[in-house]
Amino acid sequence: MQAREHAVVIGGSMAGLLAARILTTHFPRVTLLERDTYPDSPQDRAGVPQGRHLHVLWNYGLGVLDGLFPGLEREFVERGVPDLKLPGDLLWLTPQGWRRRFDDVSRLLTFSRGMLDHVVRERLFAEERLTVRTGVEVTELTATSDRRTVTGVRLRERGTQGTGEVLEADLVVDATGRTSRAPEWLAKLGRPFPAETRIDPLLGYATRRFAVPEGFDPGWKALYLQAGAPTHRRTGGLFPQEDGTWICSLSGAGRDYPPTTDDGFLDYARGLRHPVLYDAIKNAEPLTPIHSYRRTAGHRRHYERMRDWPAGFVATGDSVCAFNPIYGQGMTVAARSALQLDRMLGEGRSTRWFQQRAKKAGSGAWLISTGEDRRYAETQGPPVRPHTKALNRAVDLAVRAANSDPVVAGQLIDVLGLGAEPFSLFRPAMARRVLAARNRPLPVDPPELEPRPDAPAPVPSEETARANADAR
C-alpha cells in the first residue's frame, strides 16, 4: 500500500473505535462510518445488542487500552468504575469448586458498556484527523478495474434506496461485527466465500440491574458462579457498576435459557450451583427490565486462508472471529488486533499479512471459549476431536490447582485475560504445581478473604509487557 491520504472504518463499536485510533497515527484523514447514532452520555444504544449485559475488562486488555489512550485507566476509576482485585474481591465458584480468595493476584474493571464506549469515544472523537458519520450504511466496496485493490466504499443514508455516494480511501477497515457483509462484498470482487467454523453452545443470557440493599456488606464485592459442565449448564454473575448498582447476568447453555419474568428470573438464580447469588438479589430492588440475548455462537471466518486477498482492505474484530461473550474476551481480542493493524502500517506489511495476524490475535480466546463450549452434548458444530477432550482434562487440572495455589491462579487469570498463551499453563514449572494439587480436597463452603502479605506483587507476562509498550 503506497498512498496514505485517507482511511475508512466501517462500524463504530469497540473494534472500529480502536482501529480508528490506530489509523489516526498513520493517515492525515480518517472517516468512521456507523449505521447507528451515538448518545451524548454513557447510555446503551441499539447498535450494541449485547450492551445491556455484563461487561468486564481483564488486566491485559486494560493495559492495551491505556497504552492507546494514555490516562484512560485513571479516568475510568475517577468516574467510579469498580476496580476489583482478583480473586480477593470475588466470590468465585469454578467448575472445580470454590477459589480461595488470594489477594493481589490480578485485577478486573467492571462497568456498563455504555460507560466504556462513551469514555473511549470522548478520547477518540477529539482527534482532529477523524471525521465521524453516523446514520449511514455501506453497500459495497469499490475497487480498481482488475479488482485486486479496494479503492473505497459505496454508502448511503440508512433506510434510503439508490446507489448512494462513493467515498474513496487508501485503506478500508471492516469492523461491523457478527453481521458483517464482507463475504458478500468480496464475492462481488471475484473472491470465494471464506470457509467458516461455527460452534454454538445454544446459550442465552438474561440481565437485570438491582439497587444494592442498604447496609449490605457480605465481605465480597462481586460473585461469579460458573456452570459445571456437562451436567450443570447455568452461570450467574453479580458485579458492581460505576453508579453504585449491581448488574446481574444469568446464562444457560444447551437451551437452558433464563426467563425474562420477575419470578422466573429469581427461580433460575435459585437453580445455580450455590444459593449465594439468589440470596443477594431476592429482596433487592430491580432497577431495569430483564433483557435477554441469545446470539452467542462462536464463529470464525477463515480469511487468513484466502490467497487472493485484495490490497486496501482488512477485516477485524467480530467481523473475523466472534466468541461466546460469557468469557469476556471480545474487547481484548479487538485491542490485540488493533496492535497488529499498527504493525502492518508501521512495517509496511500487506493486508493479507494482517488477516493472518488477526487470526492469531484471537486464537487463544477461540481455543478457550470453544473448548469450554464443546463440553455440552447439545453444542452444535464440528465433531469434538480427541485433542479437545485432552485439553479440557488438562484445563480441569489447572483450574483445580488455581483454586488453592496463588501462582497457578495468577497464571490462569492471565491466560483467561489473554495476557498469556493457554499452553503456558503446562510448561514444566507450572505443570508441577498443577499436578501437585490434583488430589487436594475441594472446599464445600464459600471462602473468606485471606490476605497474603508474604506474596510477591504480580509480574506481568512478557506478552503483556510487550503489548503495553507497543501500544504506547
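Is phenylalanine 265 buried or exposed? In the predicted model, phenylalanine 265 has a relative accessible area of 1% and is therefore buried, since the cut-off for burial is under 20%. The environment of this residue, and of the nonpolar and aromatic groups elsewhere in the chain, is described below.

The largest nonpolar core comprises 104 residues. Within this core, the residues with the most contacts are Leu18, Leu23, Phe76, Leu141, Val153, Val172 and Leu341. The element that gives the most to this core is helix α8, spanning residues 330-347, with 9 residues. Apart from this core lies another, of 23 residues, which includes Trp246, Cys248, Leu250 and Ile290. When residues up to four places away in sequence are not counted, leucine 341 touches Ala19, Ile22, Leu23, Val314 and Phe354.

A search of the whole structure yields 10 aromatic pairs. In one of these, the ring centres of phenylalanine 210 and phenylalanine 265 are 6.3 Å apart; the planes meet at 40°, so the pair is classed as tilted. This pair links distant parts of the chain, as phenylalanine 210 belongs to strand β15 (residues 204-210) and phenylalanine 265 to helix α6 (residues 262-270), 55 residues apart. Phenylalanine 210 is likewise buried, with a relative accessible area of 2%.

A further pair is formed by tryptophan 220 and tryptophan 246, with ring centres 6.5 Å apart. The planes of these two rings lie at 20°, so the arrangement is stacked, the limit for that class being under 30 degrees. Tryptophan 220 is located in the loop between β15 and β16 (222-225), whereas tryptophan 246 is in strand β18 (residues 246-252); the pair therefore ties together parts that are 26 residues apart in sequence. Tryptophan 220 is buried at a relative accessible area of 11%, and tryptophan 246 also counts as buried, at 4%. Ring pairs join Phe216, Trp220 and Trp246 into a cluster.

Arginine 208 connects several of these residues through its contacts. This arginine lies in strand β15 and, at 10% relative accessibility, counts as buried. Leaving aside neighbours within four places in sequence, arginine 208 is in contact with Trp246, Ile247, Cys248, Asp262, Phe265, Pro286, Thr288, Pro289 and Ile290. Among these contact residues, Trp246, Cys248 and Ile290 belong to the core of 23 residues, and Phe265 is the ring partner of phenylalanine 210. A polar atom of the arginine 208 side chain lies 2.8 Å from the backbone oxygen of threonine 288.

Two other arginines are placed over aromatic rings. The charged end of arginine 21 sits over the ring of phenylalanine 69, at 5.9 Å from its centre. Arginine 234 lies over the face of tyrosine 268, with a distance of 3.8 Å to the ring centre.

An open sheet of 3 strands was also identified, with the order β14-β20-β22 and antiparallel pairing. The edge positions are taken by β14 (196-199) and β22 (321-322); each has a single partner strand, so one side of each is left without a neighbour in the sheet. The antiparallel pairing of β14 with strand β20 (residues 298-301) extends over 4 bridges. In this pairing, isoleucine 199 stands opposite glycine 298 in β20.

Methods: Residues are numbered from 1 along each chain as its sequence is written. This is a predicted model: local features need pLDDT of at least 70, side-chain atom pairs count only at pLDDT 80 or more; totals for chains, interfaces and linings use all residues. Side-chain values use heavy atoms; hydrogens and water are left out. A nonpolar core is a set of buried Ala, Val, Leu, Ile, Met, Phe, Trp, Tyr and Cys residues joined through side-chain atoms within 4.5 Å. Buried means under 20% relative accessible area, exposed over 50%, partly exposed in between (1.4 Å probe, protein chains only). Helices (H or I, at least four residues) and strands (E, at least two) are DSSP runs, numbered from the N terminus. Contact means heavy atoms within 4.5 Å. Rings of Phe, Tyr and Trp (its six-membered ring) pair if their centres lie within 6.5 Å; planes under 30 degrees apart count as stacked, over 60 as edge-to-face and the rest as tilted. A charge sits over a ring if NZ of Lys or CZ of Arg is within 6 Å of the ring centre and within 35 degrees of the ring normal. Two strands pair if DSSP finds at least two bridges between them. A polar contact is a pair of N or O atoms within 3.5 Å; within protein, one must be able to donate a hydrogen and the other to accept it, and residues adjacent in sequence count only if both atoms are side-chain atoms.
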